[in-house]
Amino acid sequence: MRVSCIQEHLAKGLSIVSRAVSTRSTMPVLGNILLEAKDNQLRLAATNREIGINCWIAARVEDEGAITVPARLLSEFVNSLPPERIDMELSVRTQTLHLTCARYNANMKGIDAFDFPLIPTAGNGEDHTGDGVAVIDGMRLELEVSGLRKMIDQVIFAASSDESRPTLTGVEVKFQADRLIMAATDGYRLSIRSTQISQGLAEEALTVIVPAKSLGELARISADADESRPVQVIVTQARNQILFQLWGKGEEGRGAFQRVELVSELIDAKFPDYQGIIPKSFTTRTVVDTAALLKAVRVAFLFARDNANIVRVNVLPGAAGNNGQIRLSATSSEIGDNANEIDAMVEGDELDIAFDARFLIDVLSQIDQPQVVLETTQPTRPGAIRPVGMGADEFLHVVMPMHPPR
């Protein structure tokens, strides 16, 4: 193998695939990144058996070949190089990769690419037999890049990080005839985001559970993708996998890649029926400036974090047609207390309810609309948060209250 590429492109490609490198596997090859030179492209690949990432970058290939090298060493070395051309040459006999960039040289001991697991790909109409990839087949549809990224951001924070409850570490994704719906919950909060899609399913609806970590990686990668080209999604229930294909912004883009494919295992379980916890009515409806509320909650959190993150929310209707107020307070027996007031449009009854400040910060940070509405009933019942200006069925966040204020 003899191949050359630009340092910035290689560094970007390594940053994309490195997140899929296994850190605790008993198989040494899973701690490596695959480098495969072919057709004037350099394919970088990594997998931890749960998620796999293929990334293709532009390269000049003189001799085709493949090798796997330690991920951490390669990434740190490439990131330390000047922004110039990197030449790589493989010694097949010793499985050693020689790298040259400007006046820097290195030799890295690798593991034969034959030992690297096959990572599924969407394919490009060519025969991939023996290429170290397996073409995946299944239900296909296309989604708009920026809209998908925003949907992911607005739900994954509500997924659980507790591995003892694997179902809740995933996001329920429903593909319907004309809508895409995502939902995530950790048992204390629920985030639901839905959007209309132009290319839906001809057959009946399909529901899968995708690990939140996988969707988080997809959102991170999509920030550098070409938003004029859709994300191709392939779901194969037979292999219990989902694949996302994104295209780069072109060779002129900073740190550009040509295309990336992320394939993830699906969670084989039944997602909780969350419809029963969604409030069907309210007794108090509060419309408030999103940025002002977020700032007030962040200030209250400085005191709440020493008291189980509890922030008390006192909703006060206005008198004689005047606007009402929201009063946020937090108390810590160790460091003191805090109270903040912001104007709001309040309809209904006065209410005193307590929430986890972190939960409020998480959801408010993901709302772009200038105003948000909080719908509540009782101090012991969940509250519903919706952005003002979005459809009633587009975004909903339900948050459970803390213990009733004393």
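**Exercise 1.** Is R259 buried or exposed?

*Solution.* The model is predicted: local features need pLDDT of at least 70, side-chain atom pairs count only at pLDDT 80 or more, and totals for chains, interfaces and linings use all residues. Residues are numbered from 1 along each chain as its sequence is written, and side-chain values use heavy atoms, with hydrogens and water left out.

Step 1. Buried means under 20% relative accessible area, exposed over 50%, and partly exposed in between (1.4 Å probe, protein chains only).
Step 2. R259 has a relative accessibility of 7%, so R259 counts as buried.
Step 3. The side chain of R259 meets that of E261 in a salt bridge (3.6 Å, N to O). A salt bridge is defined as a side-chain nitrogen of Lys or Arg within 4 Å of a carboxyl oxygen of Asp or Glu.
Step 4. E261 is buried because its relative accessible area is 1%.

**Exercise 2.** Determine how helix 4 is placed in the structure, and describe the salt bridge between E217 and R220.

*Solution.*
Step 1. Helices (H or I, at least four residues) and strands (E, at least two) are DSSP runs, numbered from the N terminus. Helix 4 covers residues 212–222.
Step 2. Eight of its eleven residues are buried, so helix 4 is largely enclosed by the rest of the structure. Among the buried residues are L215, L218 and I221.
Step 3. E217 and R220 lie three residues apart in helix 4, about one turn of the helix. Their side chains form a salt bridge (2.6 Å, N to O).
Step 4. E217 is buried because its relative accessible area is 11%, whereas R220, at 28%, is partly exposed.

**Exercise 3.** Classify the two partners of the salt bridge between D356 and R358 by accessibility.

*Solution.*
Step 1. The side chains of D356 and R358 meet at 3.0 Å, N to O.
Step 2. D356 has 5% relative accessibility and therefore counts as buried.
Step 3. R358 has 39% relative accessibility and therefore counts as partly exposed.
Step 4. In the count of salt bridges, the total comes to 20. R2, R60 and E62 are linked in a network of such bridges.

**Exercise 4.** Summarise the protein chain as a whole.

*Solution.*
Step 1. The secondary structure comprises six helices and 27 strands.
Step 2. The C-alpha atoms fill a box of roughly 85 × 55 × 40 Å, taken along the principal axes.
Step 3. The chain has 406 residues, of which 51% count as buried.
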